[in-house]
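Biologist: I've got a new model to look at and I'm still learning my way around. Could you pull it up and let me fire questions at you?

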Amino acid sequence: MEGQIVKILSNLYTVNCNGIVYECHSRGKFRNDKVTPRVGDYVKIDIENNYILEILPRKNELLRPIVSNVDQGFIITSLRHPDFSTNLLDKLLVIMELHQIKPVICFTKYDLLNSKEKKEIKKYEKYYKKIGYKVLYNTNLFRIKKMFKGLTTVFCGQSGAGKSTLINKISKDLNLEVGEISLALGRGKHTTRFVQLLELCGGKVVDTPGFSMIEFTEFTKEQIRDSFIEFKKYHCPYKDCMHLDEGECQIKKEVAKGNILSSRYENYKKILTDK
Ligand SMILES: Nc1nc2c(ncn2[C@@H]2O[C@H](COP(=O)(O)OP(=O)(O)OP(=O)(O)O)[C@@H](O)[C@H]2O)c(=O)[nH]1
Ligand SMILES: [Mg+2]
Ligand SMILES: [Zn+2]
């Protein structure tokens with residue numbers, strides 16, 4: 001029987017086979033093969049002994065959050081408590097680009113901003129839209145629901161950003177656990193502790209635990225450069241320019257002119273340096 005892993009809790013794998021749910025164990029074999037089943041995996045199971053027999057090939061896989069076979073990534077970006085971080089947003093956009101997952105920026109907690117801060121956010125919204133990304137707010141429930149249809153969407157973002165809250169708003173009977181914000185630390189308390197795939201609005205949505213550490217070790221500097229999608233619109237005189245110390249770099253000129261957001265360029269340099 002084939003199905004999809006929708007939840008993993010310690011050693012228990014919940015597998016959905018056409019609407020029937022089986023609680024399965026994994027065989028030791030996977031551990032030796034260095035492949036561990038994860039949420040989103042399509043698997044073959046032995047329904048008599050409740051064992052996962054085989055993991056079917058993955059379309060793609062993410063490490064943070066740990067999930068496979070996703071089409072779309074909702075980057076849940078809190079604007080206050082936790083405060084807006086262009087760095088985290090740009091890192092998540094890069095991760096999505098690197099895995100061929102369609103990113104959607106979803107701002108939360110706009111209601112907590114004063115009017116000056118709201119104006120500032122509108123500038124970012126305009127810029128990210130200009131370069132080709134979808135940007136919405138967690139209050140745009142009607143639009144959000146339509147975007148889930150026929151796709152697997154992973155929610156990602158730091159703890160306390162409002163991932164589970166948004167899913168609860170969309171599906172009133174789920175009652176996912178949501179947490180308080182630690183005001184001292186300005187972030188969430190890691191309320192969601194496991195990855196879970198849910199069927200919602202004609203699609204699949206994956207709620208995940210919050211995180212803010214993202215690594216790029218498995219990717220090259222060129223791959224990271226090419227994931228800053230607006231850079232590709234400009235042409236530098238140097239072939240394969242990294243847009244760093246090259247003198248006549250067009251990207252640096254566009255940053256100076258204000259055509260490329262300086263935070264984007266700074267975050268690009270930071271990712272390369274920290275790598
Ligand atoms: N004011 C305001 N509060 C919000 C909004 N969205 C979420 N919250 C609050 O933010 C807190 C954290 O929300 P959660 O949904 O638990 O956040 P999470 O992203 O699931 O966090 P983890 O599970 O820890 O990764 C809760 O107290 C929510 O009520 C919003 O748009 N505005
Ligand atoms: Mg949560
Ligand atoms: Zn350049």
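Biologist: Let's start with the ligand: how many residues surround ligand 1, and which are the closest?

Modeller: Keep in mind that this is a predicted model. The closest residues to ligand 1 are Gly 162, Thr 165, Val 178, Thr 192 and Gly 210. The full set around ligand 1 numbers 22 residues.

Biologist: Which helix gives the largest share of the shell around ligand 1?

Modeller: Three residues of the shell come from a single helix, and that is the largest share. The helix spans residues 163-170, so by the numbering from the N terminus its name is helix H5.

Biologist: How do the residues of that shell divide into nonpolar, polar and charged?

Modeller: Five of the shell residues are nonpolar and four are charged. Glycine goes with the polar group in this scheme. The polar residues of the shell around ligand 1 come to 13.

Biologist: Zooming out, how is the chain divided into domains, and how far apart are the centres of domain 1 and domain 2?

Modeller: Domain 1 takes residues 2-55, domain 2 takes 61-207 and domain 3 takes 221-274. Between the C-alpha centres of domain 1 and domain 2, the distance is 27 Å.

Biologist: Those two domains are in contact, right, and which strand gives the most to the side of domain 1 that touches domain 2?

Modeller: The contact takes nine residues from domain 1 and eleven from domain 2. On the domain 1 side, there are five nonpolar, one polar and three charged residues. Four residues on that side come from the top contributor, strand S1 (residues 2-9).

Biologist: What radius of gyration does the chain have, and why does it agree with a compact globule?

Modeller: Along the principal axes, the C-alpha atoms fill a box of roughly 65 × 45 × 35 Å. A compact globule with 275 residues would have a radius of gyration near 19 Å, so the chain agrees with its value of 20 Å.

Biologist: Which helix gives the most to the largest nonpolar core?

Modeller: As a rule, nonpolar side chains in soluble globular proteins tend to be buried together. Here the largest core has 47 residues, and those touching the most other members are Val 39, Ile 75, Ile 76, Leu 92, Phe 155 and Val 206. Seven residues of this core come from one helix, helix H2 (residues 86-98).

Biologist: Phe 155 sounds well connected, so to speak; which residues does Phe 155 touch, not counting residues up to four places away in sequence?

Modeller: Phe 155 is one of the core members that touch the most others. Leaving out residues up to four places away in sequence, the contacts of Phe 155 are Phe 74, Ile 76, Lys 163, Ile 167, Val 205, Val 206, Asp 207 and Thr 208.

Biologist: Now Gln 72: how far is Gln 72 from Lys 102 in space, C-alpha to C-alpha?

Modeller: Gln 72 is in strand S8 (residues 72-78). Lys 102 is among the residues that Gln 72 touches, along with Ile 101, Val 104, Leu 151 and Thr 153. The two are 30 residues apart in sequence, yet in space their C-alpha atoms are separated by 4.5 Å.

Biologist: Why does Met 213 count as exposed?

Modeller: Met 213 is in the loop between strand S15 (203-207) and helix H6 (221-227). A residue is exposed if 12 or fewer other C-beta atoms lie within 10 Å of its own. Met 213 has 8 of them, so the label is exposed.

Biologist: And Pro 37, what exposure class does that one get?

Modeller: Pro 37 sits in the loop between helix H1 (28-32) and strand S4 (42-46). The C-alpha atoms of Pro 37 and Met 213 are separated by 22 Å. Pro 37 has 19 other C-beta atoms within 10 Å, so its class is partly exposed.

Biologist: Which residue is joined to Pro 82 by a cis peptide bond?

Modeller: Pro 82 lies in the loop between S8 and H2. Omega for the cis bond is about -5°, and the partner is His 81.

Biologist: Last one: what is phi of Ser 10?

Modeller: Ser 10 is in the loop between S1 and strand S2 (12-17). Ser 10 has 6 other C-beta atoms within 10 Å, so Ser 10 is exposed. Phi is positive in this residue other than glycine, with a value near 40°.

Definitions and conventions. Residues numbered from 1 in each chain as written. Chains lettered and ligands numbered in written order. Predicted model: local features only at pLDDT ≥ 70, side-chain atom pairs only at ≥ 80, totals over all residues. Domains from an automatic or database assignment. Contact = placed C-beta atoms within 7 Å. Near = placed C-beta within 6 Å. Buried ≥ 20, exposed ≤ 12 C-beta atoms within 10 Å, placed from the backbone. Rg over C-alpha atoms; globule rule 2.2 N^0.38 Å. Core = buried A, V, L, I, M, F, W, Y, C linked by C-beta atoms within 7 Å.
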